[in-house]
Each structure stands twice: as structure tokens, then as C-alpha cells.
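These are my notebook entries on a structure that I am opening for the first time. I put down what I looked up, one topic after another.

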Amino acid sequence: MPVHMSTSSAGHPGRGVGLGLALGSAVAFGGSGVAAKPLIEAGLDPLHVVWLRVAGAALVMLPLAVRHRRLVRTRPALLAGFGLLAVAGVQACYFASISRIPVGVALLVEYLAPALVLGWVRFVQRRPVTRAAALGVVLAVGGLACVVEVWSGLGFDVLGLLLALGAACCQVGYFVLSDQGGDAGEAAPAPLGVIAYGLLFGALVLTVVARPWGMDWSVLGGGAELDGTTVAASLLLGWIVLIATVVAYVTGVLAVRRLSPQVAGVVACLEAVIATVLAWVLLGEHLSAPQIIGGAVVLCGAFIAQTSTPAKAPPAPVARGAAGTGSELSERGTSV
């Protein structure tokens with residue numbers, strides 16, 4: 001499945017919109033942990049929280065699934081792949097990995113996904129990527145290591161690391177599948193339909209894994225502690241379903257369609273920074289100096305990557321001569 005590389009000029013108007021959507025998605029995804037942690041501390045199993053998140057979002061998106069039911073016939077593999085990888089796979093592998101290795105290590109391994117996207121593009125599809133985009137990924141991953149303070153606990157459990165790597169690979173699937181058909185114009189699969197059916201497939205898979213029939217449903221009728229303040233558990237669940245899932249996936253997929261998988265993947269690294277800041281403000285989990293520095297490095301890496309990789313545009317006219325224009329030659333000269 002090809003990952004489409006962008007070829008337009010940096011001033012394409014869709015670029016700013018795509019970047020804004022990607023940042024919005026990172027904020028929405030980043031807020032999920034702050035809302036989920038009080039629910040887990042109140043007595044819900046982490047996998048049950050994931051199931052509630054995905055199943056609730058699937059119900060919200062159900063009308064869109066009915067509207068785009070033609071996708072079941074025309075794009076069954078895409079829908080199943082999105083549900084298995086982008087929804088169920090990422091969540092299940094990540095939560096399984098943190099049961100065996102430190103959360104920081106698992107998060108760092110998972111966010112190797114942007115680098116894996118570039119590796120897929122460069123070495124599997126044999127397409128060029130700019131050196132600046134690659135540098136942005138390196139900076140983002142290095143800064144992320146500081147944000148999660150990976151040196152604070154390295155538990156080299158082989159299975160745990162493999163599960164975290166599985167989450168990273170599933171996240172690559174999220175970016176690649178989100179980009180599928182993005183340059184096909186009117187023939188492209190409706191992104192909202194893909195998300196709706198992806199959530200439905202994901203909910204079915206997670207039902208088998210999480211076994212929600214054993215969940216303590218009474219927790220949802222009570223309250224949960226948010227840094228000393230009691231908040232209704234149902235309110236936190238509503239945030240997780242509507243903002244951290246529905247809004248996050250919709251803005252994320254639309255961002256990939258307007259940018260490219262590798263750029264959107266780097267911007268998505270900001271999720272870890274945003275989650276840390278929100279935990280500082282709302283949960284009283286203070287940031288250390290290395291985390292602040294790391295956050296700045298992640299921001300720098302994301303900025304370099306998105307400003308150096310052109311946004312998508314329709315293919316240029318074929319009849320341009322064998323030599324190509326000066327700008328085309330310049331772009332080739334800055335690719336690796």
C-alpha cells in the first residue's frame with residue numbers, strides 16, 4: 001500500500017489547515033490520559049476504559065457508518081485494517097506492554113512510528129524523503145526520550161518491548177491507512193466513513209480482549225478524583241469518548257489527508273508533550289527540567305519536519321521536458 005509523498009509548493013493553502021488539524025488531534029489524543037487515569041484509580045481496569053472509549057465512539061459514529069455503508073462493499077480490507085491496527089491494535093498492544101515494562105519506555109518505543117513511516121517510504125517503497133524531514137524525526141524522538149525520562153527505568157522485558165514495538169507498527173498502519181486514497185479526489189473513500197467502521201471493527205475486537213461483562217459498572221455512576229477534586233465519572237468518560245476519540249480520530253485522519261503520513265506522524269509526537277503538560281496542570285504531576293527541554297526539542301523537530309516537507313497537490317503536468325525545472329532539481333538534491 002503506497003504512502004503518498006507530497007510534491008507541491010510549501011505555500012499550498014491546505015498545509016496550514018492540515019497542520020492545525022494535526023495539532024488539534026494531538027491535543028485531543030493527549031487529553032485522554034488525564035481523563036482516563038482517575039477512572040482507572042477509581043477501580044476500572046485499563047482495558048475496560050479502552051473498551052468504553054472505543055465502543056462509545058463507535059455508537060456516536062454509527063449514523064455515519066449507516067450513511068457510508070457502501071464502503072463495506074467497496075473497501076472492506078481498508079475498514080478492517082483501520083479497525084484492527086489504528087483502533088484496537090494500538091490500544092491493546094500499548095496497554096499490554098506497560099504491564100511488563102515502564103510506561104516511559106513503552107511510550108518512546110510506540111512513538112518510533114514516525115521514523116518507521118519514513119523507513120517504509122524510503123526503503124520499502126524506495127521513494128525519496130528530505131534530509132530535513134529525517135532530521136525532524138530524529139529530534140522529535142530524541143526530545144521524546146527526555147519528555148518521558150526514559151533513563152528513569154529501563155526494564156528490558158523482551159515480550160514487553162515487542163508489544164510496544166507492535167503498538168508502534170499499528171500506529172504506522174494508522175498513518176498509512178489514513179492516507180489511503182487521499183490523492184484520489186472524489187473517488188477517495190470518505191474519511192468519516194472509514195473512521196466510523198474502523199471504530200466498529202475495533203470495538204468488536206476489543207470486546208473479545210477486554211471482556212467488558214466483568215467490568216464494575218457501578219464506578220461510572222460515582223465520582224473520580226482529579227487532583228483532589230471530585231468529578232463525575234460519566235463526565236470523564238464523555239470527554240474520553242467525544243473529544244479524545246471521536247474528535248481526535250476525525251481531525252487526525254483529515255490531517256493525514258492534507259499533509260502526508262510522515263509529517264502528520266511527527267506532529268503526532270506532540271501528543272506526549274501535551275499529555276505531560278495536561279497532567280502537570282490537572283493532575284499535579286510536575287515537569288522536570290529535562291522534560292521541559294525535551295518538549296522544546298520535540299516541538300523543534302515537528303516544526304522542521306512540517307516546514308521542510310511540501311503538502312499534497314495534484315500531480316504536475318507530464319510534458320515538462322526531460323531535464324525538469326530548477327526547483328525540481330533542487331528538491332531532488334535535498335532528498336535521501
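I began just past helix α9, where Glu149 follows the helix with a positive phi, near 50°. Before going on I noted that this is a predicted model, in which local features need pLDDT of at least 70 and side-chain atom pairs count only at pLDDT 80 or more, while totals for chains, interfaces and linings use all residues. I also noted that residues are numbered from 1 along each chain as its sequence is written, and that side-chain values use heavy atoms, with hydrogens and water left out.

**Entry on α9 and positive phi values**

Helices in my notes (H or I, at least four residues) and strands (E, at least two) are DSSP runs, numbered from the N terminus. I looked up α9 itself and found that it covers residues 131-147, that it has 17 residues, and that it reaches 24 Å from its first C-alpha to its last, close to the 24 Å expected at 1.5 Å a residue. The expected span is 1.5 Å times one less than the number of residues in the helix.

For burial I kept to relative accessible area, where buried means under 20%, exposed over 50% and partly exposed in between, with a 1.4 Å probe and protein chains only. On that scale the buried residues of α9 include Ala133, Gly136, Val137 and Ala140, and further along the helix Val141, Gly143, Leu144, Ala145 and Val147 are buried as well.

I then looked for other positive phi values, bearing in mind that most residues other than glycine have a negative phi. Arg211 is not a glycine, yet it has a positive phi of about 50°. I placed Arg211 in the loop between α11 and β1 (223-226), and with a relative accessible area of 52% Arg211 is exposed. Gly43, just after helix α2, takes a positive phi of about 130°. In α2 (residues 32-41) I found Ser32, Val34, Ala35, Ala36, Pro38 and Leu39 buried.

**Entry on the packing of α3**

Two packed helices are described by the angle between their axes and the distance between the axes. The axes are lines fitted to C-alpha atoms, for helices over the stretch in contact, and the angles run from 0 to 180 degrees between N-to-C directions. Angles under 35 degrees count as roughly parallel, over 145 as roughly antiparallel, 65 to 115 as roughly perpendicular and the rest as oblique. A crossing is left-handed if the near helix is turned anticlockwise from the far one by less than a right angle, and right-handed if clockwise.

How is α3 set against α12? Helix α3 (residues 46-60) packs on α12 at an angle of about 65°, and their axes are 9 Å apart. That makes the two helices, α3 and α12, roughly perpendicular, and their crossing is right-handed.

With helix α6 (residues 76-97), α3 packs at an angle of about 165°, with the axes 10 Å apart. The two, α3 and α6, are therefore roughly antiparallel to each other, and α3 passes α6 in a right-handed crossing.

With helix α11 (residues 191-210), the angle to α3 is about 155° and the axes are 9 Å apart. That makes α3 roughly antiparallel to α11, and here α3 passes in a left-handed crossing.

I went back to α12 (residues 233-258), which has 26 residues and reaches 36 Å from its first C-alpha to its last, close to the 38 Å expected at 1.5 Å a residue. I also recorded a kink of about 30° in α12, centred on Ala248, the bend at a residue being the angle between axes fitted to the seven residues ending there and the seven starting there.

**Entry on residues far apart in sequence**

Ala88 is found in α6 and is buried, with a relative accessible area of 2%. Its C-alpha is 9.0 Å from that of Trp51, and Ala88 and Trp51 are 37 residues apart in sequence. Ser178, in helix α10 (residues 158-179), is buried at 1% relative accessible area, and the C-alpha atoms of Ser178 and Leu78 are separated by 9.3 Å, with their positions 100 residues apart along the chain. Glu271 lies in helix α14 (residues 270-283) and counts as buried at 19% relative accessibility. Glu271 and Ala26 are 245 residues apart in sequence, yet 4.5 Å apart in space, C-alpha to C-alpha.
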